[in-house]
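Student: I have a chain on screen and would like to learn how to read its features. Can we go through them one at a time?

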Amino acid sequence: ASPEATAPVPAPTVAVEAPAPTVPVPPAPEWIKRGEVEVFGNDVVIRENEWASKVVAIGGNVDMRGRVDDELVAIGGDVDMRGRVDGELVAIGGDVKIDGPIGKLVAVGGDVKLGPKASIDGEAVAVLGDLDNPHHVPIHGQTVAVGGFIPHPNFRSMAAWAGDAVG
């Protein structure tokens, strides 16, 4: 008997996928601490990577995208708040847009609009302006909204204005 020639059996082929390329993750931005920011007559910008202990703007707008530990106060200017204010946001004589968390809100003489990312941990007070919450975001304290109007400088007397407002 002749030995039959045995052909070598080929090894099974296994497909190996190349590992997916790794996308480098950018490092988290380092916070730039600005301390107390007090500005008179100019706009204030707090960028996403900036952290202030307090912001006070008189006669200028506030573009707030970073973080404030204490209060943000704007007198005579609008506030666009898309960051975080751990304390109070106080606005007198300007409109306010909030699209991030804040502690408390006091707005006098301007309208307030709450965006979908807004939340208020404490009270929300709006006097002589509207408090618009179309997304029904949480307000964990009391809400007080007192509408009205501000008298025009051509009115003859404050007494006439007060009589019309009450009567």
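**Reading strands, sheets and burial**

Tutor: Start with one pair: Val90 has Val106 in S10 as its bridge partner. Keep in mind that this is a predicted model.

Student: Which strands does that pair belong to, and how many bridges join them?

Tutor: Strand S8 (residues 84-92) and strand S10 (residues 101-108) are joined by six bridges. They run parallel. Another pair between them is Glu88, which stands opposite Lys104 in S10.

Student: What is the overall content of secondary structure in the chain?

Tutor: Count elements before looking at pairings. The protein chain has 15 strands and one helix.

Student: Which other strands pair with S10?

Tutor: Follow the bridges outward from S10. Strand S12 (residues 119-120) pairs with S10 in the parallel sense, over two bridges. There, Ile102 stands opposite Ile120. Strand S13 (residues 124-127) also pairs with S10 in the parallel sense, over four bridges. In that pairing Ala107 faces Ala126 as its opposite residue.

Student: Which strands pair with S8 on the N-terminal side of the sequence?

Tutor: Take S5 and S6. Strand S5 (residues 67-68) and S8 pair in the parallel sense over two bridges. Arg67 stands opposite Arg84 in S8. S6 and S8 are parallel too, joined by four bridges. Here the bridge partner of Leu72 is Leu89 in S8.

Student: How should I think about side chains along such strands?

Tutor: The general idea is alternation. In a regular strand, side chains point by turns to one face of the sheet and the other.

Student: What is the strand order in the open sheet?

Tutor: To read a sheet, write its strands in order of pairing, then look at the two ends. Six strands form this open sheet, in the order S2-S4-S7-S9-S11-S14, with parallel pairing. Its edge strands are strand S2 (44-46) and S14, each pairing on one side only.

Student: Which residues stand opposite each other inside that sheet?

Tutor: Try S4 and S7. Strand S4 (residues 62-64) and strand S7 (residues 79-81) pair in the parallel sense over three bridges. Asp63 stands opposite Asp80 in S7.

Student: Is Asp80 buried or exposed?

Tutor: Check the relative accessibility against the cut-off. Asp80 has 18%, so it counts as buried, because buried means under 20%. Its contacts beyond four places in sequence are Val62, Asp63, Met64, Arg65 and Lys97.

Student: How does Asp132 in the edge strand compare with the cut-offs?

Tutor: Asp132 lies in strand S14 (residues 131-132). Its relative accessibility is 33%, so Asp132 counts as partly exposed. The partly exposed class lies between the 20% and 50% limits.

Student: What does Asp132 touch?

Tutor: Leave out residues up to four places away in sequence. Asp132 then touches Val112, Lys113 and Leu114. Sequence and space can also be set side by side. Asp132 and Gly115 are 17 residues apart in sequence and 9.1 Å apart in space, C-alpha to C-alpha.

Student: What share of the contacts spans long stretches of sequence?

Tutor: Take contacts with a separation of 6 or more. In the protein chain, 1% of these join residues 24 or more positions apart.

Student: Where does Lys54 sit, and what is its nearest side chain of opposite charge?

Tutor: For a charged residue, check burial, then look for a partner. Lys54 sits in strand S3 (residues 50-58). Lys54 is buried yet has no salt bridge. The nearest side chain of opposite charge is Glu36, 4.0 Å away. Beyond four places in sequence, Lys54 touches Gly35, Glu36, Val37, Glu38, Val68 and Glu71.

Student: Which residues make the nonpolar surface patch?

Tutor: Phe40, Ile58, Ile75 and Ile92 make the patch, which covers about 370 Å². Take Ile75, found in strand S6 (residues 72-75). At 34% relative accessibility, Ile75 counts as partly exposed.

Student: What are the figures for burial and surface over the protein chain?

Tutor: Close with the totals. Of the 167 residues in the protein chain, 28% are buried. The accessible surface comes to about 11000 Å². Carbon and sulfur atoms hold 56% of that surface.

Key
Residues numbered from 1 in each chain as written. Predicted model: local features only at pLDDT ≥ 70, side-chain atom pairs only at ≥ 80, totals over all residues. Heavy atoms only, no water. Patch = residues over 30% accessible without salt bridge, like charges linked within 9 Å, V, L, I, M, F, W, Y side chains within 5 Å. Areas by Shrake-Rupley, 256 points an atom, 1.4 Å probe, with all protein chains shown as cover. Buried < 20%, exposed > 50% of the residue type's maximum accessible area, 1.4 Å probe, protein only. Contact = heavy atoms within 4.5 Å. Lys, Arg positive; Asp, Glu negative; His and termini not counted. Pairing = 2+ DSSP bridges.
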